[in-house]
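I set out to record a few look-ups in this structure, entry by entry. The notes follow in the order in which I made them.

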Amino acid sequence: MARKPEEEVVNYLTEVEELAESLLADKQQIVDLDLKRNRNREALRALHESTEKSGNVMVCFGNMFIKFPNSRTKDMIQKDQRQLDEEIHKLYKQLKVKVNRLNEAQGKPELKGFNLSPLTQEEMSVIEKTLKS
């Protein structure tokens, strides 16, 4: 049984809408994670500038404040930062794939240069050495 043209249009629009919503949800999640990462950065800076290097600090967990050693608190926040960085990086990779799928569904060409990745520290040092020579 052949599909009606109206059904094909509805299916096409549904697919495009779902891809766009998924894309927007990922972008919002990146923004939320980045806000959390910035708050962690502020907390690390406050701990670093704290006069009591070896003392305890008050840490908020949900709606409770708990005293923790300064060094242990720094370690927990740094671990959380690494996890946030990994999750944001993973979302950015997924975002690229989803943008390409959305463009493909809309019949648009693939974005050029969108799959570029930054140079690593090693690659940068090699370039700097080459330029100095």
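**Entry 1. Lys36.** I began with Lys36, which I located in helix H1, spanning residues 5–49. I keep in mind throughout that the model is predicted. I then asked whether Lys36 is buried or exposed. Its relative accessible area is 35%, so I entered Lys36 as partly exposed, given that the partly exposed class lies between the 20% limit for buried and the 50% limit for exposed. Leaving out residues up to four places away in sequence, I found Lys36 touching Asp80 and Leu84. I also looked up the separation of Lys36 from Tyr92, a residue 56 positions apart from Lys36 along the chain. Their C-alpha atoms are 16 Å apart.

**Entry 2. Asn40.** I next turned to Asn40, which is also placed in helix H1. Its relative accessibility is 12%, and because buried means under 20%, I entered Asn40 as buried. Which residues does Asn40 contact, its neighbours within four places in sequence left aside? I noted Ile77, Asp80, Gln81 and Leu84. Asp80 and Leu84 had already appeared in my entry as contacts of Lys36.

**Entry 3. Nonpolar cores.** I then looked up the largest nonpolar core and found that it has 12 residues. Among them are Val16, Leu19, Ile30 and Leu33, as well as Leu84, Ile88, Leu95 and Ala105. Two elements, H1 and helix H2 (70–105), each give two or more residues to this core. H2 gives the most, with seven residues. For general context, I noted that nonpolar side chains tend to be buried together in soluble globular proteins.

From this core I took Val16 for a closer look. Residues up to four places away in sequence not counted, Val16 touches Leu102, Ala105 and Gln106. Leu102 and Ala105 are members of the largest core as well. Apart from that core lies another, of six residues, including Leu47, Val57, Val59 and Ile77. I recognised Ile77 from my list of contacts of Asn40.

**Entry 4. Aromatic rings.** How many aromatic pairs does the structure hold? I found one. It is formed by Phe61 and Phe68, whose ring centres are 5.6 Å apart. Their planes stand at 70°, so I entered the pair as edge-to-face, the cut-off for that class being over 60 degrees. I closed with the accessibility of the two partners. Phe61, at 35% relative accessibility, counts as partly exposed, whereas Phe68, at 13%, counts as buried.

Key. Residues numbered from 1 in each chain as written. Predicted model: local features only at pLDDT ≥ 70, side-chain atom pairs only at ≥ 80, totals over all residues. Heavy atoms only, no water. Helix = DSSP H or I, 4+ residues; strand = E, 2+ residues; numbered from the N terminus. Buried < 20%, exposed > 50% of the residue type's maximum accessible area, 1.4 Å probe, protein only. Contact = heavy atoms within 4.5 Å. Core = buried A, V, L, I, M, F, W, Y, C linked by side-chain atoms within 4.5 Å. Phe/Tyr/Trp six-rings, centres within 6.5 Å; stacked < 30°, edge-to-face > 60°.
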